[in-house]
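Please read the following note with the sequence and the structure open beside it, and look up each residue as it is named. The points are meant to be taken in order.

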Amino acid sequence: MWPLAAALLLGSCCCGSAQLLLSKVKSVEFTSCNDTVVIPCKVLNVEAQSTDEMFVKWKLNKSYIFIYDGNKNSTTREQNFTSAKISVSDLLKGIASLTMDTHEAVVGNYTCEVTELSREGKTVIELKNRPAFNTDQGSDCSYPTTTTTTTTTTTTPPGNEKEKGGCTLVSWFSTNEKILIVIFPILAILLFWGKFGILTLKYKSSHTNKRIILLLVAGLALTLIVVVGAILFIPGEKPVKNASGLGLIVISTGILILLQYNVFMTAFGMTSFTIAILITQVLGYVLAVVGMCLCIMACEPVHGPLLISGLGIIALAELLGLVYMKFVASNQRTIQPPRKAVEEPLNE
């Protein structure tokens, strides 16, 4: 009896594992920016010498959407997945990944079933949809974060994620970038209030007081908008909320240009230096808005430095304006608002 048991054991070893072993991927993501979606499926212990011995079935939830019969060399697709396909030439390498056009991709659980002669195996992969404009990417914490692109599937290495609610979240902007995006507008506003303080100390006329009141109201409104934008932008990982905060911060900085212009006009009018400061500030604002638009439209966050540079230039222009008012305008003992010349008739 022992020789028979030994023979059976030796036969099973020679025939390999009774089951096909498939790599485990918990989930993959796609966005509208992707042209195609690739759902990975890889067999680790393929022994077939010909695709005639291979049989692949893909199932969405409980319905089969794709079937490849290697013995007949035939493919069957469900009518809503006409673009679905696998690479037959890669089957002998163990690759049975399903590729389809993005517009046909449906969020759900996909089951990959592979049969090789008498051996079979299967695995389940969840397909998730991520918005095109997103400040984070999410996946299950138990598995690496896998992002599907048009040509490759890349895995985010551990250590670049931030845990929340059992999931890993990868920030669209880094922490340092978020801090700079908020700090530069706040710094620019503080510099404006410095110029406003100088203005209130030098003017006492009723005409100037009206302008100061308008500047005060506009400055308070701008400060409130930026604070609300920072509250929406910094915390949390909600794309719509973060995007709204970013828009409030960047767009509202344009008000600083108008405020700086009115401060200069109230104090001493336009000079070549103040014109240069305003031009610099306008260029910074254009860079910030363009950078924000590119960040919104791009699938990958590569335009953050352009946005930050624009905000930094705006803060620099505010600093130059404060320095100019402090060390140049202060040389004048009293700065009176411009008056219209009035000719009084001579007594005859």
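The numbered points below go from the whole chain to a strand and its neighbours, then to charged pairs, loops and a pair of helices.

1. To begin with the whole, please keep in mind that this is a predicted model. The protein contains 7 helices and 13 strands, and of its 348 residues 41% are buried. If one takes the contacts in the protein with a separation of 6 or more, residues 24 or more positions apart account for 65% of them.

2. How many of the 9 residues of strand E7 are buried? In this strand, which covers residues 108-116, the count is 8 of the 9, so E7 is largely enclosed by the rest of the structure. As general background for looking at any such element, the side chains of a regular strand alternate between the two faces of the sheet.

3. Strand E7 has a partner in strand E3 (residues 54-60), to which it is joined by 7 bridges, and the two run antiparallel. To find this pairing in the picture, one may start from Leu60, whose bridge partner in E7 is Tyr110.

4. Strand E7 is also paired with strand E8 (residues 119-129), again in an antiparallel arrangement, and here 9 bridges join the two. A useful place to look is Asn109, which stands opposite Glu126 in E8. E7 and E8 form a hairpin with 2 residues between the strands, and in this hairpin Leu117 takes a positive phi near 55°.

5. The next points concern charged side chains. In general, side chains of opposite charge can pair when their charged atoms come close. The structure holds 6 salt bridges, and one of them is formed by Lys57 and Glu113, whose closest N and O atoms are 3.6 Å apart. This pair links distant parts of the chain, since Lys57 belongs to strand E3 and Glu113 to strand E7, 56 residues apart.

6. Glu113 also forms a salt bridge with Lys59, where the closest N and O atoms are 3.7 Å apart. Because Glu113 lies in strand E7 and Lys59 in strand E3, the pair ties together parts that are 54 residues apart in sequence. Which of these side chains are buried, and which are partly exposed? Glu113 has 13% relative accessibility and therefore counts as buried, and Lys59, at 18%, counts as buried as well. Lys57, at 21% relative accessibility, counts as partly exposed, because the limit for a buried residue is under 20%.

7. A further salt bridge joins Arg119 to Glu116, with the closest N and O atoms 2.5 Å apart. Arg119 is buried, with a relative accessible area of 5%, and Glu116, at 4% relative accessibility, counts as buried too. These two residues should be viewed together with Glu47, as Glu47, Glu116 and Arg119 are linked in a network of salt bridges.

8. Two asparagines in loops deserve a careful look at their backbone. Asn61 lies in the loop between E3 and strand E4 (63-69), and its phi is near 55°, which is a positive value in a residue other than glycine. With a relative accessible area of 46%, Asn61 is partly exposed. Asn73 is found in the loop between E4 and strand E5 (74-77), and phi of Asn73 is likewise positive, near 55°. At 58% relative accessibility, Asn73 counts as exposed, because the limit for that class is over 50%.

9. Lastly, please turn to the helices. How do helix H5 (residues 254-267) and helix H7 (residues 304-327) pack, and at what angle? Their axes are 11 Å apart and the angle is about 10°, which means that H5 is roughly parallel to H7. On the side of H5 the contact is made by Leu256, Gln260, Val263, Phe264 and Ala267, while H7 contributes Ile314, Ala317, Glu318, Gly321 and Met325. Sorted by class, the residues in the contact of H5 with H7 are 7 nonpolar, 2 polar and 1 charged.

How values were computed:
Residues are numbered from 1 along each chain as its sequence is written. This is a predicted model: local features need pLDDT of at least 70, side-chain atom pairs count only at pLDDT 80 or more; totals for chains, interfaces and linings use all residues. Side-chain values use heavy atoms; hydrogens and water are left out. Buried means under 20% relative accessible area, exposed over 50%, partly exposed in between (1.4 Å probe, protein chains only). Helices (H or I, at least four residues) and strands (E, at least two) are DSSP runs, numbered from the N terminus. Two strands pair if DSSP finds at least two bridges between them. A salt bridge is a side-chain nitrogen of Lys or Arg within 4 Å of a carboxyl oxygen of Asp or Glu. Axes are lines fitted to C-alpha atoms, for helices over the stretch in contact, and angles run from 0 to 180 degrees between N-to-C directions. Angles under 35 degrees count as roughly parallel, over 145 as roughly antiparallel, 65 to 115 as roughly perpendicular and the rest as oblique. Contact means heavy atoms within 4.5 Å. Ala, Val, Leu, Ile, Met, Phe, Trp, Tyr, Cys and Pro count as nonpolar, Asp, Glu, Lys and Arg as charged, and the others, Gly among them, as polar.
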